[in-house]
Structures are given as C-alpha cells and as structure tokens.
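New to this one? Here's a quick briefing to read alongside the sequence and the 3D view.

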Amino acid sequence: MPSPFSPPNISLPLNPRPFLHLPRLAHSTPPTLPLLATCSSDKTVRIYSLTTFTLLSTITGGHKRSVRTCAWKPNLKGESVLATGSFDASVGIWRRYDTDDLNPRPVVVPVDFDARDENIDEYDEEEWRFAVVLDGHESEVKSVAWSTGGNLLATCSRDKSVWIWEEVGEDDFETIAVLQEHEGDVKCVAWHPEEELLASASYDDDVRLWKEDVDDWGCVGVLRGHDSTVWCVQWEGATPDVYGEVEGQEVKEKWMQRREASGPRLLSCSDDMSIRVWRRNPKEKVEQSRLSIIRTGSSEEDWVEETRLPVVHSRPIYSIAWSKSGRIVSTGGDGAIVVYEERWKQPNTNAENPGVGAQTEGIDKGEANGEPQTNTNGAESMEGVIGEGDATTDANGQGVTNPGHESPLQETEWVVVAQIEGAHGVFEVNHVAWAARRDKNGGVGPEQEELIITTGDDGVVKVWTLDI
Amino acid sequence: MSAILSADDLNDFISPGVACIKPVETLPKQAPEEINAYEVTTEDKIHRENAPPAQISLTDCLACSGCVTSAEAVLVSLQSHSEVLHALDSQPSIALSYLANNHGAQGQDGKLFVASVSPQVRASLAATYGVSETRAGWMIDQLLGGPEGLASGGKHGNGFTWIVDTNAMREANLVLGAEEVAESMSRDTQSAPSDDGASITTPKKPILSSACPGWICYAEKTHPHVLPHLSRLKSPQALTGTLLKTVLSQRLNIRPDQIWHVSLMPCFDKKLEASREELTDIYWRPSSPNSPTQTVRDVDCVITARELIMLADTRGIDFPNLPRRPLSSQIPFPDSTISAFLSTKKHRPQASEAGTSGGYLHHILQTQLFLHPDSTLTSTRGRNADVVEYTITSSTSPTPIFKAARYYGFRNIQNLVRKLKPVKKSRLPGGRGQASKAGGGMDYTYVEVMACPGGCTNGGGQIKVDDVALKPETAMNQKEWLNRVDEAYYSMTESEGEDEEGDSKMADDPLDNEAGDLVNRISPSYVKGILDHWASSTGIDLQKLVTTSYRKVESDIGRVGGAENERVAELAGKLGGGW
C-alpha cells in the first residue's frame, strides 16, 4: 500500500540500553522555540532541537524513577519552563533562560532533589535549572498539563487523584484542589484551550471534567462509554478546520454555529481500540423570569459522544493528538500510526460511496467491534449536503466512514488519510505529538507544515512528515 | 482522610500506596473474652480477637489495592456498632449497688460501661430529627443508658452507667492549649527541639492543633517534618478516656480493663486515634510488679453518628421515638468535684466564630485578646473558606502581637505542610536562590488544622443529607444540610436550660466563681483546679494524663534494600493497566 508518509526522515537514538519502560514525549513543543522534550525510564529528560534534530541537553538525577510525562509551560518569553512527572510520585519544575544558541550542546545537568543544595557550585546561565519539586501524590505521576494561561498545573497519578496547582509566586505553588472521584489510575489530564476546564482519563474507563465553582473545584461531568482504560484525552484547537468543500452554505453555517456554541471538542482513546469525539451540549440560555426559584447556578456540563473515528488499530490506542490544522493522529500497541481528517460529508454516499471503502480492514474491525451506537446529535436535518467528491482521492484509498454513524444528521465525517504499520518495528508506540516543521523555511508562513513525532518502546524518537 | 474510613468503602479514598508501611502495629490486646462453653464460636468472633500483625508477601502486595490502609482497615473494623453490642453482651455490668456505695467494687467481676458523646454527633442527630441539640443529647442518653434503650434487651440487659459530654474535657484542652501557646511564646528558641516528635514538652512554633486524627495520621506518615509542631495535648476524646479510666478505676477499685468506654464521634479516624498505643493505660498506670501485662485503651471503641443509628436499629430500638428528656435517675459519679465539672452545662454555648471543630484557635485568640486589652482582632479569608488568617494588633504598635490561622481540608493542608518544610539556603543555584518562598515562611504562632473541609461537623461519620428522608419541598444539598448541622451545633444555648429538670445544682455552678478570669466563658483557674484535683486524687502526674506524643511512621521505599522495594513497586504499578 502506498503510504503518504515519508520514511522517517530522522531518527534519534535515545538510549542505547534496552528500556524496561518507555521514552515519552512532552505534549508540546514550546510555542516560541523549536524544542522537543522527551522523557524516559532512564530517569532523564532530553531536550532536542527541532531545527537540527540534535540533542541539546539532558536533565538527569532529579527523579528517582522513570519520568513518565513532561509539559512545556505556555505563554513565556525569554525563559522556558518544563514540568516533569515521575513514577517517584513527584513533579519537577525546571527552568532555562532562552538563548539564540540552539547549536548542539549536549550538556548533562546533574540534579538531585535531595542533595540539591549541595554541590551546585557552578551555575550555567544557559542551562536547565531545577526550580521546585511538587510533592503530594502518593504514587506514580502519570501526566502533567499546564492550563492555557500557564497559571495552573494539573497532575494525575496512580493514586487515583487529580491535583491542581496554582503558581502563586515565582517557584511557589499552592495546591488548590485534590480531586478524588476517579476509581482507578488516572492516565492523562488535559486543559480546555479556552476555558479553565480540565479533562482526565482513567483506568476506571471514564473521562471526567473538572471546573471551579466559587472556590471549590469539582467534577462537572463524567463521559462514559469506553469499555476499557482511557489512555489519553486531547482537546481540539480553538478553531476547527474541516477539509473539503460543501455545497449548501447553510449546512456549513449550521455546523459552524453549533461548533461555536459547543466550543472545542474533546478526543479520547482507549484500550477498547476506539477513538471518540465528545461534544458539549450548550446550555440553554436561562431566561430571566420571575419564576427564578429554580436554581440556575449548576455548573454541571452536558457532554455527548459526537462520533467515533474509523477503527483501524488492532491493539490498545495509547496516544492521540489533534493538530492545529484539525487532523488527528493516533498510535498504540499495534505499532501503527494513523492520521484522520474531518471532511464535509458527501451526499448520497454513505456506505455505497466507493471512496469510503467499506471493504477496508478498518471498517471490518469497526463492525466486529461495533456495539450499537447512539446517535448523539440533535434533531437537525442534513438536507442538501453536497461536496466535490474529493474524499475519494486520498492517497491510499483508506478513507473510511465511521460505522454506525451514517446518520443523515452528521454534517461531517472522519476519514483515514494516512496509515503506517510497524512504525517502530515490532515495538509498541507509546506516544505521538504534532509539531510545526522548523528545519526548513524557518518555520514560518501560512502553510506551515506539520510534523508527527512518535516515541517507541524501542527507545527511539521518530519524526515523520506527511505528504498529503 | 476522614471522609474515607467507612467500613463500606475503605480503600477507595486513600490511594494504593507505592510502598508498604512497615510497622503494621500490633494492637493492644483486647480484654480476654469470657468463653461460654455452650456458645458456638462464630468465625466473626475469631476474627475479632487479637488481629495478628499482618505478614505481607509479594502476592498480597499485588492483590492489594491499598496496603497503606489495610492496617487501618483492621483497626476500623474492630470498632463498630456490632462491637458495642458484643461488648455489652460479653459480661454483666458491675452491680449498681456496688457503685452507689462508697466501698467500691473491688473483687467484683463484670464490666462497667461508660460512654462519651461529642457535640458534633448531637448536632448531626439534632439536624436529622429536627430537635434541639440538647434534646438530641437526651435521646442519646436514653438510648445508651435509659430503660427503653439498650438496657431493654441483650444478654445481660446492660446499658451504659455513665454518659459524659466530651465538651467538658474539650474545655480542659482549650485552657491547656492556651497555656501551651503562651509557653511557646515566652520560650526562647535557643533550645531547638529534636526532630523525632517524641519527648518534647513544648512544640515548635507554629503550634499545630492535634485534635484531628486524620491530620495526625497523615502527618505521621507523610510529613514527619511537621511533627515537632504538633500540640502535645491529647484530644478531648483521649482526655475524656483517660479521665474516665483513671478516676473510675481508682475510686471504684476496679481494673482499667473492667471499664469499657465507647466514644461517639463525628469521624472514622477517631477509631484510629483510639487504637494508638500512646493512649493506653501503660502511659499512666503506676508500674507495679503484679500489674497486668496487657495494655488497656483509654477509649475501647469509637462509633459515629451513623453507627449509633445502626446500633439502635440492630437492637430494634425506635431511636426517633425515645423519650426526649434527661435520664430520670443517674448514679452520681464517684467523684463529686469531677462530677460537677462533667455535668456543667452552662458553659457549653459555642460562638459561631469558634467554628465547629472545638474552637481551639478561637479560645487562644480570646486568651490573647484578654491578655492585651487594647488589641483588636482582624480576620482575612484565604483562597477558600477553609483558610482564614487571624491577626491581633495592639493600638500602640503596627506590628501584630499575634498571628494565627485556620487550615481545613486536605488541599489546604498541602499548602501548610509545604510552607513548613525546612528551607535550606541556596535552594536554587545561582543568584535567584532566595526566590523560593515555598518553604519555611510562616509567622503564625498557632494553626488550627482539620482534615475535613468545613471542620468536624462535616466528619465522615456524620449523617449525610442522602441518609435523611426529606420531603421533596425541603430538598437540600449537602452544603445546605451542613449549614443545618452547624446551626444545631451552635444552638447549644442556656435558654434550653429551663427545661432541664432537676438541675438545682446550678446553685453551685462553678462558673459563678469569684476568680473573674472568664475567657471565652471558661474560667482557666477553675479548669486548672479540676485538673489538679484529677492529678492529685489519682496520684498521677498531670503531664502524663494530658499530653501525648507522635512518631514518624516509616516507609520502606528508598531505604536499604531499596532495589527490591523498587521492584515490588514496579510490579504493584502494573495494576491499573501498567504505565
């Protein structure tokens, strides 16, 4: 099968030793600098340049066990801040002044949380400095995430709790919430891109949403549906990008209006091999009537499963990412990387559409997997949706509709646009992220190319380009 | 923390721990149970007797969802409403005639059943049954000691001989707490206490309240650095237990293990407190060659408000319809001075500023205001309603005389313990080393710490709004329910006194004393007098009676043999779907 993926144009050996655990990626590259942070079971965090694909720094010695997660703090100028979460139950905050010098400079920064006060005689202005350790979790920290504004940090752990920290002063963090409603290991936390709304995914098969009400954080929604561990949750970017053309402007407008009212959607992937898109049912505007006995202050959120992505993976899906341009990439235990695109749905096609490829592997699996899916849309009708048939031309013929969602109420559909098997050989792929391409064109321009970065259990970080 | 340790879902709140907590404590042995040769021993009973120290194998470890809490689970299950019934049925009461005369009950078999009741439990029941706090107290008295209560059934028709209010000893705690703070203020800091938490008489500043057992357990396990700050005073529950066991065993000439003391508390963690070795008779009993080797707890069993209802239900007693009046006849407590102190009702009203957790901080603030007549108190709400900062300033000086705070709830405790972390110099490399404000910075003299958000009326053992069948039109959420319980807690008023029958003793109310030193309606000199009387009449040093100690609970992780532990932790981590 022809693949739109270029062969990995670079691969970075992370560590020559075989890994007991897995190297993982920071969820983000810093907005201002072309950096990539990876973390690993060798207890280190490595910072790579995305312009030269070389190792810049290695942070060692701070964590006593595997570093499972790291995240760049957003909205910073002149300085980069990285949060790391480790199986040693602690979260570390690290700082580095930004410099223009992004040449390869592999420097090892030894830090020991306990002995941090001794032996630090030399201080390199341009290197990573340990700033704070956040203690409180009782067992392995599984994920850390900064809020969009950067003032809040969410962490989650095998101790079944989600903590929210506020940076109240420089290197001074306060615990503002300890949320304990999950009944199992919490695998992932992610902040809404526009609101202070947090999503968490857990071994208890649920996704939970958290928000502050007056001065107490509480659970405002439970997204049930997955049949097994939810490994990852990701938010849609602020502005959606639906591919293709649609005839009948009012369909598009209606869709956009609804999207506007709901805000960014939420994506979840699971051990049950499904990827689901969740949408908020916007609250009815409460009318200011005299009959105001009914309390309107409830902060409960109403979320519904909007759709599922085509089923392609044959093993648990560990990681998903939603790109700036609206594409989704997924990876997992089967070693496959799959890219999906949302398109305006073509009229009168559905299952008969040859381009949809009902006979593909993906849809077979979908049916094998297929429980009855509830139609989660409202009662809008879907008249006059016409497109250009563009969906049939995707490079590998892997366009697949979402089984069970041929509802005429659905204006858009997700199709597979790229797929590669065995991305890390026989190894599982544990994490995937998008990054803007910075090694050519200086990384600017309206048509910025997007890279896919994966980390595998082989201890290798791979960077992929997408030719579609 | 507190809300969690219900026997129903023990392991869900405190998470599975990475490491086993090493010393699974051996319980003080239970009093030997009378073996009835004809009674079939149930499995249930075998389990109840001396729980052996747990042996933890790797298999256990992998099968366990919360090894840190398993030891606690055992302790909690050993104290339940069925344990109360079991104790009542175990032996006949010591005949009342012996108690009434002055010769004591030496050589008598049988047990003496006594109970203590916390005001939060009364408030919870008051809100549930729509009665005043005083009446709720009477209902409890009727259940525990009245003819229509527990004594109406059971194998021996046993009820509780004395039922006391923990408020009395809470006031003793308040007076001693204010003294402890005054001492710490006058003491120079040159004699820095050692870090092990034990054998120190005065805690480091800021002194942290120690009445909340959830907080104490958490601090001992997770934050040993705060132990030197903990108030050395026993909680009202523990003080009441020590008082009852010492005075009754001495006056009645019976062994401490013949006294069976149940305490009614708002909180499950109080059961853990009752199981502490530090709160047993070996800490106060004079050593004598023929003294029994067993230790006897000062509080044998703790049950919560909800468990009290279950207790009544199990015996088929219609709790809501018990008489709402005081017990008609009570055998006088065998020490008239202490009896007067325990039954004093007049000084019970609680100011709402005192909070619902005993008012430790409030009393200390009132004491400071009393000592500095020109001063004023200001309070500042923190980030949420469970953090409040108090400052006392004199009109003559801009620098505060006294600063204190209230920290309730787990999340706020996190910030407190972080601020108390010893800060080392040059925490950060380079010139920005002093930027860290996270550690060491606290100018409070006293902090009242409670594990439950909202304090003790919100304890894990209290009756919840969902437990109460309310009419739809009166539907309320837990928050509103809590307000109602709080209201009941504050409603302990003197006005209720008029229908307190037979309280002619009011004439010699200790509060009518001439000392003129009333602080927060409490006379420190009177309370001190009672405490001195307690010490001298029992011949036990007062410090032994009223103070306790804390110790770091060791975790094995990261110690010698750490590799193996790490491996166990890695394996345990596979639960929950691995990484």
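Start with A:Asp171, which sits in the loop between β13 (162-169) and β14 (172-179) of chain A. Keep in mind as you look around that this is a predicted model. From that loop, we'll move on to some other backbone oddities, then the cores, a helix and the repeats.

**Unusual backbone spots**
- A:Asp171 has a phi near 60°, a positive value in a residue that isn't glycine.
- With a relative accessibility of 1%, A:Asp171 counts as buried, since the cut-off for buried is under 20%.
- Over in chain B, B:Arg521 also has a positive phi, near 65°, and you'll find B:Arg521 in the loop between α16 (478-490) and α17 (524-538).
- B:Arg521 is partly exposed, at 44% relative accessible area.
- The peptide bond running from B:Lys205 to B:Pro206 is cis, with omega near -10°; B:Pro206 is in the loop between α8 and β3 (207-208) of chain B.
- Why do these spots catch the eye? Most residues other than glycine have a negative phi, and most peptide bonds are trans.

**Nonpolar cores**
- The largest nonpolar core has 92 residues, and A:Ile93 and B:Trp215 touch the most other members.
- Helix α8 (residues 166-186) of chain B chips in the most to this core, with 8 residues.
- Beyond its close sequence neighbours (within four places), A:Ile93 is in contact with residues including A:Val81, A:Phe130, A:Trp146 and A:Phe173.
- There's also a second, separate core of 42 residues, with B:Ala123, B:Trp260, B:Phe319 and B:Tyr489 among them.

**Helix α14 of chain B**
- Helix α14 covers residues 360-371 of chain B, and its 12 residues should span 16 Å at 1.5 Å a residue; the end C-alpha atoms are 17 Å apart, which agrees.
- Of those 12 residues, 9 are buried, so α14(B) is largely enclosed by the rest of the structure.
- Among the buried ones are B:Tyr360, B:His362, B:His363 and B:Gln368.
- The cover over the buried residues of α14(B) includes α8, α10 (236-252) and β6 (375-381) of chain B.

**Repeats and a buried arginine in chain A**
- An unreviewed UniProt entry lists residues 60-94, 134-166 and 179-211 of chain A as "repeat: WD".
- Residues 60-94 are 0% helix and 54% strand, with end C-alpha atoms 12 Å apart.
- Residues 179-211 are 0% helix and 55% strand, with end C-alpha atoms 11 Å apart.
- A:Arg65 lies in the loop between β5 (55-60) and β6 (67-72) of chain A, and A:Arg65 is buried, at 3% relative accessible area.
- The side chains of A:Arg65 and A:Glu140 are joined by a polar contact of 3.4 Å.

Conventions
Residues numbered from 1 in each chain as written. Chains lettered and ligands numbered in written order. Predicted model: local features only at pLDDT ≥ 70, side-chain atom pairs only at ≥ 80, totals over all residues. Heavy atoms only, no water. Core = buried A, V, L, I, M, F, W, Y, C linked by side-chain atoms within 4.5 Å. Buried < 20%, exposed > 50% of the residue type's maximum accessible area, 1.4 Å probe, protein only. Helix = DSSP H or I, 4+ residues; strand = E, 2+ residues; numbered from the N terminus. Contact = heavy atoms within 4.5 Å. Expected span 1.5 Å × (residues − 1). UniProt positions renumbered as here; feature names shortened; annotations may be inferred. Polar contact = N/O pair within 3.5 Å; in protein donor to acceptor, adjacent residues only side chain to side chain.
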